[in-house]
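Q: Please take a close look at one part of this model for me, namely the empty space it holds and the helices around that space. I am new to it, so please go step by step.

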Amino acid sequence: VAEGRGLVEEVLSDEPSHPGGLFVKAKLNFAANEFEEAIAALRSAIDVRPDWAEAHFLLGTALRLTGQRSVARTELARALEIDASLLEARRILAEVHADLGEHEYAVEEGRRYLAQRPEAHATRIRVAQSLVYLRRVDEALAEVEAIPEEERDGTVKFALGRIYTVTRDYDKAHAMLLGAYEELPDNPDILSALLQLEKQIGKQEDGIARIEMAVASDPDNARFQQLSANIALSRGDVDGATQALNRAVELAPDDMSGYRRLAELYVRTGRTKQTIETYEAALERKPEQPNIHHFLGVLYEYGGQREKAISHYEEAIKYSPDLAESKNNLAYLYAEQGKSLDRALDLAQDAKALLPDDPNAADTLGWVLFRRGVPSAAIGYLKEAEAGMPPDGPNLGLVRHHLAMAYEASGDKVSARDTLDRAIEAHQAFSEAQRARGLPVGADPPWFREARSLRERL
């Protein structure tokens, strides 16, 4: 590799714009994980040879790896426009469409790829996931069931288990998820899916036992600690949940989900002030820590101090421009206030690209579009958010309220009424579940009162 790099440097020293030299330089940059350098070299090569399909393909791949998915989509589409036989470009383009929430296009490109590579099971699963987002569940199931039984590994069984759960075929779902667990016992997503399903079928203790065994075997796994917190909360053990989430944050300080869940727990248990003081003191020692700024933003947001929350989210993004949850939360706050909506849209689109499967990011982007006066564009993202929210989560009702408002603004009052009914039902079910666990509930949130008022008016 070193000898090859030397040869490329010789070529480029004689002819800096030599497209072949720039292309090979980009490949060497890839090998060294120097993606920004690879992007620069490929752009220079394309300036000289604009119709070079492989250069556009490699550029699109590099852009995706650096989180620039919208630009990556353009480059990959250009590569296929020049040379439709670049199958890997089509596969990655399908994934980029899915990342961006463009599930119709993801299905279309994924199926084109599968027509040539029917054995590509990972792509088939991605297509099925997009079909579920589009609520074409029967098609999703048929897509994954097309994989021969003898080739169904743990990943395929997990996909089937999730689809059967959506269709409420709980016996098949349970069998598939158990099969996935046998092959991938350390996968936290499978453990979580099994626990959620076994709550439905009255076998919750089995799911709890598996998670406790996983935590005991690998106590330094942050995801396992988050699952342990779920178990503690289901038993009303707030101290145990707090301890597990603190451990998760300690083990994975760059994982924003741990911070978010810990902040939610502190707020629900009335310890916001104490926690803010602790993290403000930490900031005095390390003022450039983006995660601490983000966590403080979450705490101030939950406490209703929006301006302070905005300030900390802005600081978090300043020190870590790709901090997706800070971008998402900041966009949401701007949308709630009805100000800086252009910036809110940019932030929400960035967050959605960085968190393509996060229903909160889809909700924020939909809500920003609604607040900008384009409810018809908002509906698709809000439906995606509703589909992705856990059925017993605290935010499902709020997302449905947003969706109902978008339906009403688009003139579809029947869908608005139906969605409001489901929003009210979701909030009431969550409150009842909290009481059953012995956790504090508090007053109904403002959106709930607005939803009931809107329902009466409609």
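A: What follows goes from the enclosed spaces to the helices beside them, and then to an open pocket and one more helix pair.

This is a predicted model, in which local features need pLDDT of at least 70 and side-chain atom pairs count only at pLDDT 80 or more, while totals for chains, interfaces and linings use all residues. Residues are numbered from 1 along each chain as its sequence is written, and side-chain values use heavy atoms, with hydrogens and water left out.

Rolling a probe the size of a water molecule over the atoms shows where empty space is left. Here a cavity is a set of points, on a 1 Å grid over the protein atoms alone, where a 1.4 Å probe fits but cannot get out, and its lining residues have an atom within 4 Å of a point. Grid points are joined across faces, edges and corners, and a volume is the space filled by probe spheres set on the points. Counted in this way, there are three cavities of 30 Å³ or more.

The largest cavity has a volume of about 60 Å³. Its lining consists of Arg91, Ala94, Glu95, Ala98, Ala106, Gly110, Thr123, Arg126, Val127 and Ser130. At least two residues of this lining come from each of helix 6 (87-99), helix 7 (103-116) and helix 8 (121-133), where helices are DSSP runs of H or I with at least four residues, numbered from the N terminus. By class, the lining of the largest cavity has four nonpolar, three polar and three charged residues; Ala, Val, Leu, Ile, Met, Phe, Trp, Tyr, Cys and Pro count as nonpolar, Asp, Glu, Lys and Arg as charged, and the others, Gly among them, as polar.

The second largest cavity holds about 40 Å³ of space, and it is lined by Ala98, His103, Arg126, Gln129, Ser130, Tyr133 and Asp357. Ala98, Arg126 and Ser130 therefore appear in the linings of both the largest and the second largest cavity, as the definition of a lining residue is applied to each cavity. Helix 8 gives the largest share of the second lining, with four residues. Sorted by class, the lining of the second largest cavity has two nonpolar, three polar and two charged residues.

The next step is the pairing of helix 6 with helix 7. Two packed helices are described by the angle between their axes and the distance between the axes. The axes of helix 6 and helix 7 come within 8 Å and cross at roughly 155 degrees, the axes being lines fitted to C-alpha atoms over the stretch in contact, with angles from 0 to 180 degrees between N-to-C directions. Helix 6 and helix 7 are therefore roughly antiparallel to each other (under 35 degrees counts as roughly parallel, over 145 as roughly antiparallel, 65 to 115 as roughly perpendicular and the rest as oblique). Their crossing is left-handed, meaning that the near helix is turned anticlockwise from the far one by less than a right angle.

In this contact (heavy atoms within 4.5 Å), helix 6 brings Leu87, Glu88, Arg90, Arg91, Leu93, Ala94, His97 and Ala98, and helix 7 brings His103, Tyr105, Ala106, Glu109, Gly110, Arg112, Tyr113 and Gln116. These contact residues of helix 6 and helix 7 divide into seven nonpolar, four polar and five charged. Arg91, Ala94, Ala98, Ala106 and Gly110 take part in this contact and also line the largest cavity, while His103 is part of the contact and of the lining of the second largest cavity.

Beyond these enclosed spaces there is an open one. A pocket is an open set of points with protein on both sides within 12 Å along at least five of seven lines. About 380 Å³ of space lies in the second largest pocket. Its lining has 21 residues, and Ser70, Leu100, Gln349, Asp350 and Ala353 lie nearest its centre. Helix 5 (69-82), helix 21 (341-354) and helix 22 each supply at least two residues of that lining, with helix 21 giving the most, six residues. The lining residues of the second largest pocket divide into nine nonpolar, five polar and seven charged.

Helix 22 (residues 359-371) also comes close to helix 23 (residues 375-388), their axes lying within 7 Å and crossing at roughly 160 degrees. Helix 22 and helix 23 are therefore roughly antiparallel to each other, and helix 22 passes helix 23 in a left-handed crossing.
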